[in-house]
Amino acid sequence: MRFVYVMDPMDRVLPDKDTTFAFQRAAQARGHVALHCEPRDLFVKDGEVWARTRRLVVSNTAPHAVFGANEDVRLADVDAVLIRKDPPFDALYLYATQLLELARDKTVIMNDPRGLRDSNEKLYTLHFKKWMPRTLVSSNEEQLLSFLKNDIDGHGVVKPLDLAGGSGVMMLAPGDKNTRSILQLLSDDGRRLVMLQEFLPDVVRGDKRMLLLDGQILGAINRVPRSDDLRSNIHVGGSVEPCAVTDHERAMVSDIAPRLVRDGLVFVGLDVIGGKLTEVNVTSPTGIQQLSHHLNRDVAEDVVVWLECAANRLRAATNAS
């Protein structure tokens, strides 16, 4: 099969950590062809969405990525498209999702472009508020300050809505004279919405990332922050430990999964701190290499097998019609 990866340049990929690299490696091992492109390489001709791609071969040893011939491909002619561009969700990303809509029902797309467009990774959690910590989304400084003082006892975490990887996440505490300045900075003096949540002390024990495939749990890793940082993201120094999924978390997934599947969000990372859902990662969830290490098997292969089956089902349905 031919898989198109819409993603960042390969020189940004860390072969020993990156989830997209794991997908490429697992698909290659099963005999599939990788075609790489960036969102800017998408184009529409005669109402069909195409991509300017380069054939890609990956390896565990350097050089980790070797490009072959350039190839313009109509996405309706490939077996699957994996949208793996890292945030932020900017205008180019928006346009890419709109172009990729033209390939819906013509090829397998993971994750669905409409689902991505409708699913800001922080705001999407609001659909599942019973599982969340206490939360306010606002741009108003006084409203934010009032919520911080009166609703969450002065202990909070404020997050920009359009960044990822822990960027811009800041802790607020009673008596901190930087609080107003932080809120003004992240809200751009009231011109941008931010999310303010209660501080969860359990974060020192880790931020659990549960990986889901088509609504089913693949497994989980626990990301533990450094002693000098609030954030547990791997790329800012968080360490990774194996962990189990609790009954409470399985109940959470059972409640959330039908919405994910309905929205075409096939490969998803749920972030949970102390049993509370803090984020739903849908653009390019990470952690599969770390999970594979803990489970002593290549979990990325599960995703590739799912893509194969989905592509075969689509091809059979198309031939039948």
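User: Is aspartate 46 buried or exposed?

Analyst: The model is a predicted one. In it, aspartate 46 is exposed, as its relative accessible area is 77% and exposed means over 50%. Aspartate 46 sits in the loop between β3 (42–45) and β4.

User: What is the phi of aspartate 46?

Analyst: The general idea comes first. Most residues other than glycine have a negative phi. Aspartate 46 has a positive phi, near 55 degrees, although the residue is not glycine.

User: Where does aspartate 189 lie, and what is its phi?

Analyst: Aspartate 189 is in the loop between α5 (179–186) and β11 (194–198). Its phi is positive, near 55 degrees. Aspartate 189 is exposed, with a relative accessible area of 54%. A further positive phi belongs to asparagine 296, which follows α7 and has a value near 60 degrees.

User: Which peptide bond involving proline 63 is cis?

Analyst: As a general guide, most peptide bonds are trans. In this chain, the bond from alanine 62 to proline 63 is cis, and its omega is near -5 degrees. Proline 63 belongs to the loop between β4 (48–58) and β5.

User: What joins methionine 110 and asparagine 111?

Analyst: These two residues are linked by a cis peptide bond with an omega of about -5 degrees. Asparagine 111 occupies the loop between β7 (108–110) and α3 (113–117).

User: How many helices and strands are in the chain?

Analyst: The chain has eight helices and 16 strands. Its radius of gyration is 20 Å, close to the 20 Å given by the globule rule for 321 residues, so the chain is as compact as a globular protein of that length. Along the principal axes, the C-alpha atoms fill a box of roughly 65 × 45 × 40 Å.

User: How should burial and contacts be read for the whole chain?

Analyst: Burial is read from relative accessible area, with under 20% counting as buried. Of the 321 residues in the chain, 51% are buried. For contacts, one considers the separation in sequence: among those with a separation of 6 or more, 66% are between residues 24 or more positions apart.

User: What are the accessible surface and the charge arrangement of the chain?

Analyst: The accessible surface is about 14,900 Å², and carbon and sulfur atoms account for 49% of that area. The chain has 40 positive and 44 negative charges, and the mean positions of these two sets are 1 Å apart.

User: Is glutamate 308 buried or exposed, and which side chain does it join through a polar contact?

Analyst: Glutamate 308 is buried, at a relative accessible area of 11%. Its side chain has a polar contact of 2.7 Å with that of arginine 30. The residue is part of helix α8 (residues 300–320). Beyond its neighbours within four places in sequence, glutamate 308 is in contact with Met1, Arg30 and His32.

User: Which residues of α7 are buried, and what covers them?

Analyst: Ile288, Gln289, Gln290, Leu291 and Ser292 are buried in α7. The cover of the buried residues of α7 includes α1 (19–29), β12 (207–213), β13 (216–224), β14 (239–242), β15 (267–273) and α8.

User: What surrounds threonine 283, in the loop between β16 (276–281) and α7?

Analyst: With neighbours within four places in sequence set aside, threonine 283 is in contact with Ile83, Arg84, Lys85, Pro87, Tyr93, Leu116 and Glu121. Threonine 283 counts as buried, at 8% relative accessibility.

User: Where is alanine 69 found, and which residues is it in contact with?

Analyst: Alanine 69 is in strand β5 (residues 65–74) and counts as exposed at 55% relative accessibility. Apart from neighbours within four places in sequence, alanine 69 is in contact with Thr53, Arg54 and Arg55. The C-alpha atoms of alanine 69 and arginine 55 are separated by 5.8 Å, while the two residues are 14 residues apart along the chain.

User: How should the accessibility of leucine 94 be read?

Analyst: A value between the buried and exposed limits is called partly exposed. Leucine 94, at 28% relative accessibility, counts as partly exposed. This residue is in helix α2 (residues 91–100) and touches Phe89 and Arg117, not counting residues up to four places away in sequence. Between leucine 94 and proline 113, 19 residues apart along the chain, the C-alpha separation is 9.0 Å.

Technical notes: Residues are numbered from 1 along each chain as its sequence is written. This is a predicted model: local features need pLDDT of at least 70, side-chain atom pairs count only at pLDDT 80 or more; totals for chains, interfaces and linings use all residues. Side-chain values use heavy atoms; hydrogens and water are left out. Helices (H or I, at least four residues) and strands (E, at least two) are DSSP runs, numbered from the N terminus. The radius of gyration is taken over C-alpha atoms; the globule rule is 2.2 Å times the number of residues to the power 0.38. Buried means under 20% relative accessible area, exposed over 50%, partly exposed in between (1.4 Å probe, protein chains only). Contact means heavy atoms within 4.5 Å. Accessible areas come from the Shrake-Rupley method with a 1.4 Å probe; for residues, only the protein chains shown count as cover. Lys and Arg count as positive and Asp and Glu as negative; His and the chain ends are not counted. The place of a charge is taken as NZ of Lys, CZ of Arg, CG of Asp or CD of Glu. A polar contact is a pair of N or O atoms within 3.5 Å; within protein, one must be able to donate a hydrogen and the other to accept it, and residues adjacent in sequence count only if both atoms are side-chain atoms.
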